[in-house]
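Got the viewer open? Let's walk through this one a selection at a time.

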Amino acid sequence: MAQKPSIPKGTRDFDAAEVAKRSYIMDTIKQQFQLYGFQPIETPSFENSETLMGKYGDEGDRLIFKILNSGEFLSKVSDQDYDSKSEQTITPKISEKALRYDLTVPFARYVVQHQNEIEFPFKRYQIQPVWRADRPQKGRFREFFQCDADVVGSDSLFQEVEFVQLYDAVFSTLKLKGVTIKINNRKVLSGIAEVIGAQDKLIDFTVALDKLDKIGEEKVKDEMRSKGISDEGIEKLQPLFGLKGDFGTQIENLKSILSTSEIGLKGIEELEFINNAISTVKLKTAKLQLDVTLARGLNYYTGAIFEVSAPEGVKMGSIGGGGRYDDLTGIFGLKNMSGVGISFGLDRIYLVLEELNLFPETIADSTKVLFINFGKNEAMTCLKAVTKLRQAGIRAELYPDDAKMRKQMNHANRRNIPFVILVGEEEIKDEKFTLKNMVSGEQNKLSFSELQATLK
RNA sequence: GUGGUUGUAGCUCAGCUGGUUAGAGCGUCGGUUUGUGGUACCGAAAGUCGCCGGUUCGAACCCGGUCUUCCACCCCA
């Protein structure tokens, strides 16, 4: 046997059942997006490198798939650059395009590029694959789908409120109960950094803080020290590590910690507004939780930060994330355009639904009736009937070969086709069809109109 | 990018401290049953033991490299 073909690391093939389950999730998300007034757009799978590079930090640049130029691209590299063997020097000279890494940056590019045609505030959704040159592991692939909804052109916090509702609506519709929508605010994090005298180390500080529940208080402090945050600053953080309780209690504690920070108090005010609004309209099944250690996300979040974690007991990274980014389009030259958005991780939601057995049984609808093939003449009669049934909207097919009955019946079984029809010499003579129910085993000789009525 | 792990028939996996013709279950194909499936019984086909190299009289098994799988770290959906 020849060497078996394969697909690249971190990619997958999907069979019919998997496609059906994925569509079920996608359709649910799409339906809610539309219900909330978002319009679909699509962007190319690859962008100009400069659109993507530098938008996700150094770590992100490493994970972007670069596309090699066409033609004699090496001849454009000078001997000096070539000899340098420096990836950073050579890559831009041999690669001018890259696969999209997420949907947010291409969206920002889209908004800037089409700013004169867009009616603001602009609400769009986008469901497309993205690629990351990451090492695969649980719930992490090199090709995966993101389902994003974003609004640009409005500072209103009602947008944040609606996104919390949208998360709740989608997961409730998917019957995925007990998800936690974690929320934080970049301004609160900035305020804390300010209070401890580490404004300039905001990213290092937040990345360390984010690991609190994973590596524990002491190691977080170690990491902060190693990044150059002073001991007295870390001392001031102490109340933060013990921050517990419901939304309101945490808010009150934060107010005293941040009492001297204008920006911190602004962040608290925003969180309070969102929480109050959600308390008023109520969520169906999700929980909204304030998590001051939540600091993930990209360098461009400026206000709210969201992350959705799977119900307790399911080992899975976040199944959604998002936030407010005041300045994203600024990178592409369009100022004063605030945006906020969220993303659903389709592939991870799939794994969670699978693990909890939450997919409906009936999503994979296949052929309803299979005509058994007894030979050319009989098959011709069947073909006419198949054609008419299809015109009536009934999924019907004819077994293409006059194989042994056992084989044909087995085929119907394996594909879960609920009915077969047998047409032999006798049926042709009587102008009847023998319909067999593959579940009960019962069978009847019917006229075509009776047949059609039964299958309808 | 770092560390660990996995690879044997179409699928899931056995295979002892290296030792003759590498096994099982499921599936496939054929038969019992030439127009009646799911059950049962009988039989058959099917593997360069991931790939390349090394050690050895002898390698699925030991060693090195490489690819792949899965897991953790970094980071993230």
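Start with the protein surface around the RNA. Helix H3 (57-63), strand E6 (143-152), helix H17 (405-414) and helix H18 (425-430) each put at least two residues into the surface near RNA strand B. Keep in mind as you click around that this is a predicted model.

Now colour H17. With 7 residues, H17 gives the most to the surface near RNA strand B.

Next, select everything around the RNA. There are 46 residues around RNA strand B, and the ones that come nearest are Arg132, Arg140, Ser318, Asn413 and Arg414. On the RNA side, sugar and phosphate make up 45% of the atoms of RNA strand B that come within 4 Å of the protein. Try colouring the surface by residue class: you should get 21 charged, 14 polar and 11 nonpolar residues near RNA strand B.

Time to zoom in on single contacts. Show the side chain of Lys9: one of its N or O atoms sits 3.5 Å from a phosphate oxygen of RNA strand B. Then jump to Lys407, where a side-chain N or O atom is 3.3 Å from a phosphate oxygen of RNA strand B. For a contact with a base, go to Gly424. Here a backbone N or O atom lies 3.3 Å from a base oxygen of RNA strand B.

Hide the RNA for a moment and switch to cartoon. Look for an open sheet of 8 strands with mixed pairing, and trace it in the order E1-E5-E6-E11-E10-E9-E7-E8. Why is one side of E1 and of E8 left without a neighbour in the sheet? Strand E1 (39-40) and strand E8 (287-290) stand at the edges and each has a single partner strand, so one side of each stays unpaired in the sheet.

Step inwards from E8 and select residues 180-185 and 304-309. These are strands E7 and E9, which pair in the antiparallel sense over 6 bridges. To see one bridge up close, pick Ile181, whose bridge partner in E9 is Val308.

Stay here and add the helices. H13 (residues 247-257) packs on the sheet and touches E7 and E8, with its direction at about 15 degrees to that of E8. H14 (residues 262-281) lies across E7 and E8, and runs at about 150 degrees to E7.

Finally, zoom out and colour chain A by domain. The domain assignment gives domain 1 (16-45 + 100-196 + 237-355) and domain 2 (369-455). Their C-alpha centres lie 52 Å apart.

Conventions
Residues are numbered from 1 along each chain as its sequence is written. Chains are lettered from A and ligands numbered from 1 in the order in which they are written. This is a predicted model: local features need pLDDT of at least 70, side-chain atom pairs count only at pLDDT 80 or more; totals for chains, interfaces and linings use all residues. Side-chain values use heavy atoms; hydrogens and water are left out. A residue is near a molecule or strand if one of its heavy atoms lies within 4 Å of it. A polar contact is a pair of N or O atoms within 3.5 Å; within protein, one must be able to donate a hydrogen and the other to accept it, and residues adjacent in sequence count only if both atoms are side-chain atoms. Helices (H or I, at least four residues) and strands (E, at least two) are DSSP runs, numbered from the N terminus. Ala, Val, Leu, Ile, Met, Phe, Trp, Tyr, Cys and Pro count as nonpolar, Asp, Glu, Lys and Arg as charged, and the others, Gly among them, as polar. Two strands pair if DSSP finds at least two bridges between them. Contact means heavy atoms within 4.5 Å. Axes are lines fitted to C-alpha atoms, for helices over the stretch in contact, and angles run from 0 to 180 degrees between N-to-C directions. Domain bounds come from an automatic or database domain assignment.
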